[in-house]
Amino acid sequence: MSTRFTRDGSPALEQHLAEVCEQVREGILAIVPSPRLEGIALAGGYGRGEGGVLRTEEGDQPYNDLEFFVFIRGNTLLNDRRYKAALHELGERLTPAAGIEVEFKIISSEVLRRAKPSMFYYDLVMGHRWLIGDDSLLENTEHHRDASRIPLHEVTRLLFNRSSGLLFAKARLQKSSFTADDADFVARNIAKAQLALGDALLASQGRYHWSCIERHERLAADEALQRHHANGVAFKLHPQRSTLSREDLAKLHAEVSALAQDLFLRLESKRLGHPFPNVTDYASGKINKCPEQPAWKNILQHLRTPHEALGIPQPIERYPREALLHALTVMLWVNPTVQRERVQAYERLWHRFN
């Protein structure tokens with residue numbers, strides 16, 4: 001792995017990120033007893049050496065979140081109860097000085113070894129930076145290193161999340177007043193979707209790669225997706241505040257949304273073994289959209305989830321994300337306008353099941 005946090009950030013930015021990591025290391029050591037602490041790994045773009053560099057008049061600044069995995073021996077649920085609140089407080093305390101959000105996820109080497117393949121764990125295992133520990137903690141995780149084993153429902157999850165970003169951007173575009181912050185929000189979510197469309201296609205073909213640069217090279221056969229993916233990669237590595245007008249952003253949003261709709265229906269038809277010629281067929285279809293989730297867990301989720309907020313009927317044995325998938329496809333790709341209250345209700349549930 002790269003010894004840098006970014007591909008071309010200034011020495012000052014690299015030093016700043018190193019200092020934040022040291023503060024994280026010291027902070028975690030003060031929370032988790034050494035005998036229980038297995039290791040600390042920085043994941044995400046900065047852990048892979050492809051973190052975002054925001055160019056400003058004051059110099060290069062960080063942009064993406066800092067995502068740390070805290071490896072703690074023992075039961076993860078118990079460790080969550082013991083340390084999650086303190087780690088969350090540490091993240092909130094470090095975030096202002098870091099200039100970006102500092103986040104923690106508790107895990108153990110044993111849980112990682114037993115976990116099923118996912119895009120999330122593939123990215124972690126293939127690209128990380130150790131603050132404490134080394135790759136011995138990743139022994140017997142070969143199943144996470146094989147991109148061809150990333151299941152199709154993980155691809156759906158990626159498209160679900162980035163298409164949700166397009167929905168939230170659509171709501172901003174339709175506001176009566178449109179501020180510079182709105183333009184920045186819309187442009188950022190369009191760029192994330194542009195990157196995700198190419199990533200999703202590659203993952204569905206078993207050709208995903210941890211590096212966004214390598215992924216872009218692998219998209220050469222799809223001209224339209226590669227063109228948008230290039231914009232997504234450029235924004236990921238060198239984000240910037242948008243200077244586009246509402247009209248220009250709306251035009252770009254419409255183009256990316258159309259590509260997302262086509263890819264979503266194609267890949268969902270492949271995953272579920274059922275043709276979906278249009279969005280209406282998908283949203284009204286009775287076929288289980290989340291068959292990988294056991295019914296008993298779904299029932300428990302329903303008992304704790306306020307589905308009346310969306311007003312979408314759903315069998316109690318189905319995973320709640322299914323209702324969100326149906327609502328997303330209709331609000332983003334069918335309805336020309338969105339209801340602000342409905343999007344807000346959707347977003348509250350999305351945060352629980354993204």
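Here is a short tour of one sheet, one helix and two cysteines, to follow in your viewer. Keep in mind that the model is predicted.

**Stop 1: the sheet**

Start by selecting strands S5, S4, S1 and S6. In that order, these four strands make an open sheet with mixed pairing. The edges are S5 (102-107) and S6 (129-132); each has a single partner strand, so one side of each has no neighbour in the sheet. Now look at the twist: on average, neighbouring strands here are turned by 25 degrees against each other, direction ignored.

**Stop 2: strand S1 and its partners**

Next, select residues 37-43, which are strand S1. How many of its residues are buried? Seven of seven, so S1 is mostly covered.

Add S4 (residues 66-72) to the selection: S1 and S4 pair in the antiparallel sense, over six bridges. To find your way along this pairing, label Gly39 and its bridge partner in S4, Phe71. Then try Leu42, which stands opposite Phe68 of S4.

Now swap S4 for S6. S1 pairs with S6 in the antiparallel sense too, this time over three bridges. Which residue of S6 stands opposite Ala41? That is Trp130. If you want to see what holds such pairs, show the backbone: strands of a sheet pair through backbone hydrogen bonds, parallel or antiparallel.

**Stop 3: helix H3**

Select residues 76-98 for helix H3, which lies across S4 and S5 and runs at about 165 degrees to S5. Put a distance label between its end C-alpha atoms: H3 spans only 27 Å, whereas a straight helix of 23 residues would span 33 Å at 1.5 Å a residue. Then centre the view on Tyr83, where H3 has a kink of about 50 degrees.

Tyr83 is also one of the buried residues of H3; the others are Thr76, Asn79, Leu87, Leu90, Gly91, Leu94 and Ala98. What lies over them? The cover includes helix H1 (11-29), strand S3 (59-62), S4, S5 and helix H4 (109-114).

**Stop 4: the cysteines**

Finish with the cysteine side chains. How many disulfides does the structure hold? Zero. Take Cys212 as a case: the closest cysteine sulfur is in Cys21, 19 Å from that of Cys212, which is too far for a bond. Is Cys212 buried or exposed? With a relative accessible area of 0%, Cys212 is buried. Then jump to Cys290, which counts as buried as well, at 2% relative accessibility; the cut-off for buried is under 20%.

Technical notes:
Residues numbered from 1 in each chain as written. Predicted model: local features only at pLDDT ≥ 70, side-chain atom pairs only at ≥ 80, totals over all residues. Heavy atoms only, no water. Disulfide = S-S within 2.5 Å. Buried < 20%, exposed > 50% of the residue type's maximum accessible area, 1.4 Å probe, protein only. Pairing = 2+ DSSP bridges. Helix = DSSP H or I, 4+ residues; strand = E, 2+ residues; numbered from the N terminus. Axes fitted to C-alpha atoms, helices over the stretch in contact; angles between N-to-C directions. Contact = heavy atoms within 4.5 Å. Expected span 1.5 Å × (residues − 1). Bend = angle between axes of the 7 residues up to and from the residue.
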